Amino acid sequence: MLTQELKDRADQLGFIDVTENNPIDLKKEITRLKEEKNAVFLAHYYQDAEIQDLADFVGDSLALAQKAADTDADIILFAGVHFMAETAKIINPEKKVILPDFKAGCSLAEAAPAKEFSEFVKQYPDHTVVTYINSSADVKAYTDITVTSTNALKIINSLPEDEKIIFAPDRNLGKYIMKETGRDMLLWDGACIVHEAFALEKILDLHKENPHAKIIAHPESEMPLLKVASFVGSTAALLKFVQEDDSDAYIVATEAGILHKMREAVPHKNLIPAPSKEDNTCACSECHFMKMNTLEKVYNCLKYEYPEVEVNEDIRVKAIGSIERMFELS
């Protein structure tokens, strides 16, 4: 039972901090609780492997948003970061949406504070506001169309050529879209710390050591890296590419969590994580926020149905239009 004391402590920590008196099989108990509570367990590709393996559905932002829209579960357990769970709540106001660690944020979403963004948008009333899904519900409320890295090119290309566009919050994705579409957009100055952490010089040195390996990258990465990549695409597109391409080796420039599904899909291929500027134990770039979720937090979150993600109804009503527009155009 979720007592007020437990709730207050979770509000402070960001997660339910309870340890069972007797050891339990977390995976077995999570599976049991899912069935008992009619919960669907969604996980992003950047989660730890043990969470991905236990989830009902693993995907990127677009796929998870679509799955959230389609589910008939009573509870959506979202192993990802805060803006993803918010998006699920915007789409499913009648469902309970829970997040294992409420403080699992996103550097990109936090790069666009709602108050500052609203003031910026007001300066350009003749612009269509296109916002990357990696943004808060408050920012989506000031948005005309939400996009993901999967559908951004298609959606921008669908707009009239003379339409003035604000693109936020990712300047790197915005620059990539401008390069690919030839469109001129007004960019908000935000970025993902994970995808900006890749060290181009180290990647090129790694490529010299593995000349047959193709460099593949996420469009949130900086332009110099994208220019040397053989393929640029969303997380799901990168996964699909290594499955369908005839090369046997890849240097993968996105968050290292995707390597788990890639290795399952193509165990015979050599998948090399792109190194980051900082020397670390994984020789890759990992999202600290994504890794804040653990199996124990997942279990406690589902058991106590907390922390719960709520979205103010006025904000939700304003934000849902931009997401519905995305589904229409993509």
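Me: Why does T87 count as buried?

Reply: In this predicted model, the relative accessibility of T87 is 3%. Buried means under 20%, so T87 counts as buried. The residue lies in helix α5, residues 82–91.

Me: What lies across from T87 in space, though 22 residues apart in sequence?

Reply: That would be A65, with 6.9 Å between the two C-alpha atoms. Both T87 and A65 also appear among the residues that line the second largest cavity.

Me: What is that second largest cavity like, and which element gives the most to its lining?

Reply: Its volume is about 50 Å³. Helix α5 gives the most, with four residues, and α4 (61–70) is the other element that gives two or more. By class, the lining has seven nonpolar, two polar and no charged residues.

Me: How many cavities of 30 Å³ or more are there, and which residues are closest to the centre of the largest one?

Reply: There are two. The largest holds about 260 Å³ of space, and of its 26 lining residues, Y46, N134, H195, E220 and M290 are the closest to the centre. Helix α5 turns up here as well: α5 and α6 (107–110) each supply at least two residues of this lining. The lining divides into 13 nonpolar, 11 polar and two charged residues.

Me: What makes F117 and W188 an edge-to-face pair?

Reply: Two values, happily both easy to check. The ring centres are 5.5 Å apart, and the cut-off for a pair is 6.5 Å. The planes stand at 75 degrees, and over 60 counts as edge-to-face, so the pair earns that name. F117 sits in helix α7 (residues 114–122), while W188 is in the loop between β8 (185–187) and α11 (200–209), 71 residues apart. Both residues are buried, and together with F120 and Y124 they form one aromatic cluster.

Me: Why is the pair of F231 and F241 called stacked instead?

Reply: Here the angle between the planes is 5 degrees, and planes under 30 degrees apart count as stacked. The centres are 4.3 Å apart, which is within the 6.5 Å needed for a pair. F231 lies in strand β10 (residues 231–232) and F241 in helix α13, so the pair ties together parts that are 10 residues apart in sequence.

Me: Are F231 and F241 buried or partly exposed?

Reply: One of each. F231 has a relative accessible area of 24%; the limit for buried is under 20% and for exposed over 50%, so F231 is partly exposed. F241, at 16%, counts as buried.

Me: How do you know that C106 and C192 are too far apart for a bond?

Reply: Their sulfurs are 6.3 Å apart, whereas a disulfide needs them within 2.5 Å. For each of the two, the other is the closest cysteine sulfur. A search of the whole structure finds zero disulfides. Both cysteines count as buried, C106 at 10% relative accessibility and C192 at 9%.

Me: Where is the largest pocket, and which residues are closest to its centre?

Reply: S149, T150, G233, S234 and A237 are the closest, out of 15 lining residues. Elements that give two or more residues are α9 (152–158), α10 (171–181) and α13 (235–244). The pocket contains about 210 Å³ of space, and its lining has nine nonpolar, four polar and two charged residues.

Methods:
Residues are numbered from 1 along each chain as its sequence is written. This is a predicted model: local features need pLDDT of at least 70, side-chain atom pairs count only at pLDDT 80 or more; totals for chains, interfaces and linings use all residues. Side-chain values use heavy atoms; hydrogens and water are left out. On a 1 Å grid over the protein atoms alone, a cavity is a set of points where a 1.4 Å probe fits but cannot get out, and a pocket is an open set with protein on both sides within 12 Å along at least five of seven lines; lining residues have an atom within 4 Å of a point. Grid points are joined across faces, edges and corners, and a volume is the space filled by probe spheres set on the points. Ala, Val, Leu, Ile, Met, Phe, Trp, Tyr, Cys and Pro count as nonpolar, Asp, Glu, Lys and Arg as charged, and the others, Gly among them, as polar. Rings of Phe, Tyr and Trp (its six-membered ring) pair if their centres lie within 6.5 Å; planes under 30 degrees apart count as stacked, over 60 as edge-to-face and the rest as tilted. Buried means under 20% relative accessible area, exposed over 50%, partly exposed in between (1.4 Å probe, protein chains only).
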